[in-house]
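User: I've got this model open at my desk and want to get a feel for its strands. Can we go through a few of them together?

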Amino acid sequence: MKNILIISGGIEAIPGIIKAKEMGLNVVVSDGNPNAPGFNYSDDKIIASTYDHKETYRKVKNYHTLKKNIDGVICIASDVPYTVAYVAEKLQLPGIPLKSANLAIDKILMKDSLSRSGVLVPDYHEIKSFAEFNNIINTWDYPLIIKPVDSRGARGVLRLVPGVDLDWAWNYSLKNSPSGRVMIERYLDGVQLSTESIIVKSKCYTCGYSDRNYEYLDRYAPHIIENGSDMPTIFSKHVKKRIDETIKMGAESLGIKNGIIKGDIVISDNEVKVIELATRLSGGYFSTNMIPSSTGIDLIKEAIKISLGEKIRHKDLLPKHNKYISQRYIFPNAGVIKKIKGIKKLKNNSSLKFFNIHAKVGQEIGKITSHPSRAGMVIAEGTSRKDAVNQCKKAINDIGFDYQ
Ligand SMILES: Nc1ncnc2c1ncn2[C@@H]1O[C@H](COP(=O)(O)OP(=O)(O)O)[C@@H](O)[C@H]1O
Ligand SMILES: [Mg+2]
């Protein structure tokens with residue numbers, strides 16, 4: 001029986017852990033939280049911070065040597081591709097080169113690499129001081145984006161328009177960068193998409209395209225908060241092919257021959273442009289629920305097979321159908337939650353493919369400033385995009401919060 005290491009036992013990793021079990025694998029989960037919910041589904045656990053690649057490797061090596069060989073390593077719904085690449089390289093398991101992981105976790109190095117190979121990206125520049133920031137503001141036109149070079153979940157990403165306090169924006173973005181580095185970009189106007197691709201022997205298969213919903217861009221400004229997404233995309237086969245070709249070029253420029261690429265794409269001025277590519281599976285239930293529900297592609301299974309170095313069949317990466325699947329998030333008000341009502345209704349709602357409410361009674365909800373501050377989400381199937389969205393809205397209306 002093969003043995004897979006899944007880095008992260010967070011709630012969003014559970015569908016992946018279950019999938020690995022269904023594939024007949026022995027599953028080891030590593031997480032820094034001794035009470036990680038994923039441990040309830042795994043065969044073995046290793047307690048190590050997912051972000052700490054050295055600690056994870058040390059403990060995994062112990063397990064590998066003393067207990068049972070690890071055959072493959074993957075992260076599911078957690079943003080730790082560097083830890084995965086590090087463990088894979090050290091244990092000589094299938095995986096992307098460490099150099100590629102390093103390029104992809106630094107938004108400046110990534111964009112340098114992408115733009116060198118002809119992938120279109122927004123104009124970008126690392127800003128080293130507030131004076132330099134001011135200079136650029138005076139020369140580039142609004143709207144602009146300031147963001148940490150190395151953060152995640154839209155933390156510290158701000159859309160700058162006239163009137164945003166630049167002093168605050170600079171400090172806020174800086175505070176959200178683990179390495180204290182920030183960058184500025186031109187804001188790309190257009191429809192934004194999330195994509196998920198599997199690269200097999202340098203061939204790119206983009207399995208999922210969803211149109212991201214930014215209806216709350218103004219409500220939460222200057223923060224950029226996504227309110228779910230819709231599948232299938234409104235874009236034609238032709239545009240999808242161009243996106244796929246762009247991701248293939250991007251993967252090549254990052255040095256990835258086999259692996260997963262998650263894309264943040266914008267169709268701007270009729271061109272396919274890339275905000276970022278990540279060398280990991282997406283979170284937000286896109287890879288685990290939306291793609292399989294809409295297309296019938298078992299993305300997690302294929303990703304696990306890649307991480308074990310197993311053969312991938314071309315036909316398993318092609319969509320079997322194109323169902324209307326939408327996702328919308330639950331945004332609570334500020335305050336301390338006293339009661340969450342309506343969960344039973346959601347459980348009985350047959351149009352829901354999935355829902356998750358991670359806000360807890362007693363939790364203090366502050367201002368919504370990044371993706372983790374949303375309270376939960378629903379995924380529904382409909383007979384059309386409009387119907388799927390309405391099903392989501394109806395389900396969210398059934399949920400109520402009482403505040404203390
Ligand atoms: N240059 C840009 N133009 C338009 N939207 C952007 C730009 N940069 C970031 N965004 C928006 O902000 C979100 C978060 O930024 P991103 O660079 O992807 O950081 P993170 O690593 O936190 O996901 C993106 O998914 C996108 O919606
Ligand atoms: Mg992103």
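User: Let's jump right in: which residue in strand 19 does Ile-340 stand opposite?

Analyst: Keep in mind that this is a predicted model. Strand 15 covers residues 335–341 and is joined to strand 19 by 4 bridges, with the two running antiparallel. Look across from Ile-340 to strand 19, and the residue standing opposite is Phe-401.

User: And in what order do the 3 strands of that open sheet come?

Analyst: The edge strands are strand 17 (364–365) and strand 19 (400–403), each pairing on one side only. The pairing in this sheet is antiparallel. Put together, the order is 17-15-19.

User: Over to strand 9 and strand 10. Which residue in the turn of their hairpin has a positive phi?

Analyst: Strand 9 (residues 191–200) pairs with strand 10 in the antiparallel sense, over 8 bridges. Within that pair, Ile-199 sits opposite Cys-204. The hairpin has 2 residues between its strands, and the one with a positive phi, about 45°, is Lys-201.

User: How many residues of strand 10 are buried?

Analyst: Buried here takes 20 or more other C-beta atoms within 10 Å of a residue's own. Strand 10 spans residues 203–212 and is mostly covered. The count of buried residues, out of 10, is 8.

User: Last one: what stands opposite Asp-211 in strand 11?

Analyst: Strand 10 also pairs with strand 11 (residues 229–231), in the antiparallel sense and over 2 bridges. Across from Asp-211 you'll find Asp-230.

Terms used. Residues are numbered from 1 along each chain as its sequence is written. Chains are lettered from A and ligands numbered from 1 in the order in which they are written. This is a predicted model: local features need pLDDT of at least 70, side-chain atom pairs count only at pLDDT 80 or more; totals for chains, interfaces and linings use all residues. Two strands pair if DSSP finds at least two bridges between them. A residue is buried if 20 or more other C-beta atoms lie within 10 Å of its own, exposed if 12 or fewer, and partly exposed in between; C-beta atoms are placed from the backbone.
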